Amino acid sequence: MSLIPVSAVSDRLPTFPWDKLEPYKKTAAAHPDGIVDLSVGTPVDPVPELIQKALVAAADSPGYPTVWGTPELRDAITGWAGRRLGARGVTHRHVLPVVGSKELVAWLPTQLGLGPGDKVAYPRLAYPTYEVGARLARADHLVYTVTSGADAPGPTDLDPTNLKLLWLNSPSNPTGRVLGKEELTRIVAWAREHGVLVFSDECYLELGWEADPVSVLHPDVNGGSYDGIVAVHSLSKRSNLAGYRAAFLVGDPAVLGPLLQIRKHGGMMTSAPTQAAVVAALGDDTHVREQRERYAARRAVLREALLNHGFRIEHSEASLYLWATRGESCWDTVAHLADRGILVAPGDFYGTAGATFVRVALTATDERVAAAAARLGDGSR
């Protein structure tokens, strides 16, 4: 019997970037007051009590859940999309729960049936899993730049030939950049003109600071039609549910219907207790506001400390990160901060355009954020 070697798959993937941070993590951990880990955007605050209660109440769930979710879950998603995103006419056919947004990003090109010769495009500075998804499907991957202004009809640097999937990410991970209504409208029109499917990763949409992020589901962007567009949303950051693996899609039924069938065959179902927790989370805006206030306070402390330490911050008008630079190699900056017990993510994890930047996460406790600020303010640069 002939086996496919594991290397045949792993060779298609880039080196897992976070392994390169391990030496710097050890350096930071050696600080007398301990490490301040601002490298990964994982929530540290408690899951809101009403969500925990909903999870516990649904704990006696011995049967299999459905991939499409309960009617209550679909009602919660459609209601939230209308209330929060301004989406109109969203029905159950327009929604699909998924097992966390990273799973979706990684396997979407494969589930769409893309392969050699097809192209997947994503922003020049981007979450690495967009590339991974293309590689898993053996599709080509391209990066693009969005240029503001009426003279730029769509994503620049991008040939639409064989382009099947265009990823948007606003607010951006890592830069925190927000695409405005005009930019989104222009991109959606360009994609429709060329028959390109748009998936818009909007997982940080409820975390706007100096901008008000807009969804591609808004009628001012899509003209009242969901043809060729799907938005990706997650409860990991807005509700501290990273450990629950809870996310969902909203958009074109002609895309989501076949995806639902494929995911049924693959058994890609969100657990029944998690579905109940999501219903509770999407029905309550108070905990989202309270969590925003926590992040806003931490952002203010870190931003001021970084600026006073000689950093320049670009974009960062939304999301859970500050995109910061000292005008040097990102790895020199990582080392500089690690010596002070602070761990951050090097910008080149997100593309070569980030080679002089670091991504600083807001996801640390108030005490650890205060410790980072104190270390940055010790007078040494």
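Here are some notes on the sheets, helix packing and empty spaces of this structure, which is a predicted model.

1. **The seven-stranded sheet.** Let's start with the bigger picture. Seven strands make up an open sheet with mixed pairing, and the order across it is 2-8-7-6-5-3-4. The edges belong to strand 2 and strand 4 (140-144); each has a single partner strand, so one side of each has no neighbour in the sheet. From one strand to the next, the twist averages 20°.

2. **Strands 7 and 8.** If you want a pair to look at in that sheet, try strand 7 (residues 229-234) and strand 8: they run antiparallel and are joined by five bridges. Serine 234 sits opposite alanine 247 of strand 8. Keep both residues in mind for the cavities below: Ser234 is one of the residues lining the largest cavity, while Ala247 is among those lining the second largest.

3. **Helix 5 on the sheet.** Which strands does helix 5 touch as it packs on this sheet? The list is strand 2, strand 3 (119-123), strand 5 (163-169), strand 6 (197-201), strand 7 and strand 8. Relative to the direction of strand 5, that of helix 5 makes about 160°.

4. **Helix 5 against helix 6.** Helix 5 (residues 101-111) also packs with helix 6 (residues 129-136), at an angle of about 35° and with 6 Å between the axes. The crossing is right-handed. On the helix 5 side the contact uses Lys102, Val105, Ala106, Trp107, Pro109 and Thr110, and they meet Thr129, Tyr130, Gly133, Ala134 and Leu136 of helix 6. Sorted by class, the residues of this contact are seven nonpolar, three polar and one charged.

5. **The largest pocket.** This one holds about 1,100 Å³ of space. Its lining runs to 42 residues, with Trp18, Lys102, Tyr127, Pro128 and Thr129 nearest the centre. Two of those names should look familiar: Lys102 and Thr129 also take part in the contact between helix 5 and helix 6. Helix 5, strand 3 and helix 6 each give at least two residues to the lining, and the largest share, four residues, comes from helix 6. As for chemistry, the lining has 22 nonpolar, eleven polar and nine charged residues.

6. **The second largest pocket.** Here the volume is about 340 Å³. There are 16 lining residues, and Pro123, Arg124, Leu125, Thr175 and Arg177 are the ones nearest the centre. By class the lining splits into eight nonpolar, five polar and three charged residues.

7. **The largest cavity.** Now for the enclosed spaces. How many cavities of 30 Å³ or more does the structure hold? There are three, and the largest has about 70 Å³ of space. Around it are Trp80, Glu202, Cys203, Leu205, Glu206, His233, Ser234, Leu235, Arg238, Phe248 and Leu282. That lining counts six nonpolar, two polar and three charged residues.

8. **The second largest cavity.** At about 50 Å³, this cavity draws at least two lining residues from each of helix 4 (71-85), strand 2 (95-98), strand 8 (247-251) and helix 10 (272-282). Leu73, Ile77, Pro97, Val98, Arg245, Thr270, Gln275 and Val278 are among the residues in its lining. Leu235 and Phe248 are in this lining too, and both also appear around the largest cavity. What is the class make-up of this lining? Nine of its residues are nonpolar, two polar and one charged.

9. **The four-stranded sheet.** Further along the chain, four strands form an open, antiparallel sheet in the order 9-10-13-12. Strand 9 (312-314) and strand 12 (345-346) are the edge strands; each pairs with a single partner, so one side of each is left without a neighbour in the sheet. Strand 12 is joined to strand 13 (residues 357-361) by two bridges, the two running antiparallel, and proline 346 stands opposite valine 358 of strand 13.

10. **Helices on the four-stranded sheet.** Helix 11 (residues 286-308) packs on this sheet and touches strand 9, strand 10 (321-325) and strand 13, its direction making about 0° with that of strand 10. Helix 12 (residues 330-338) packs on the sheet as well, touching strand 12 and strand 13, with about 45° between its direction and that of strand 13. Strand 13 is thus touched by helix 11 and by helix 12.

Technical notes. Residues are numbered from 1 along each chain as its sequence is written. This is a predicted model: local features need pLDDT of at least 70, side-chain atom pairs count only at pLDDT 80 or more; totals for chains, interfaces and linings use all residues. Side-chain values use heavy atoms; hydrogens and water are left out. On a 1 Å grid over the protein atoms alone, a cavity is a set of points where a 1.4 Å probe fits but cannot get out, and a pocket is an open set with protein on both sides within 12 Å along at least five of seven lines; lining residues have an atom within 4 Å of a point. Grid points are joined across faces, edges and corners, and a volume is the space filled by probe spheres set on the points. Ala, Val, Leu, Ile, Met, Phe, Trp, Tyr, Cys and Pro count as nonpolar, Asp, Glu, Lys and Arg as charged, and the others, Gly among them, as polar. Axes are lines fitted to C-alpha atoms, for helices over the stretch in contact, and angles run from 0 to 180 degrees between N-to-C directions. A crossing is left-handed if the near helix is turned anticlockwise from the far one by less than a right angle, and right-handed if clockwise. Contact means heavy atoms within 4.5 Å. Two strands pair if DSSP finds at least two bridges between them.
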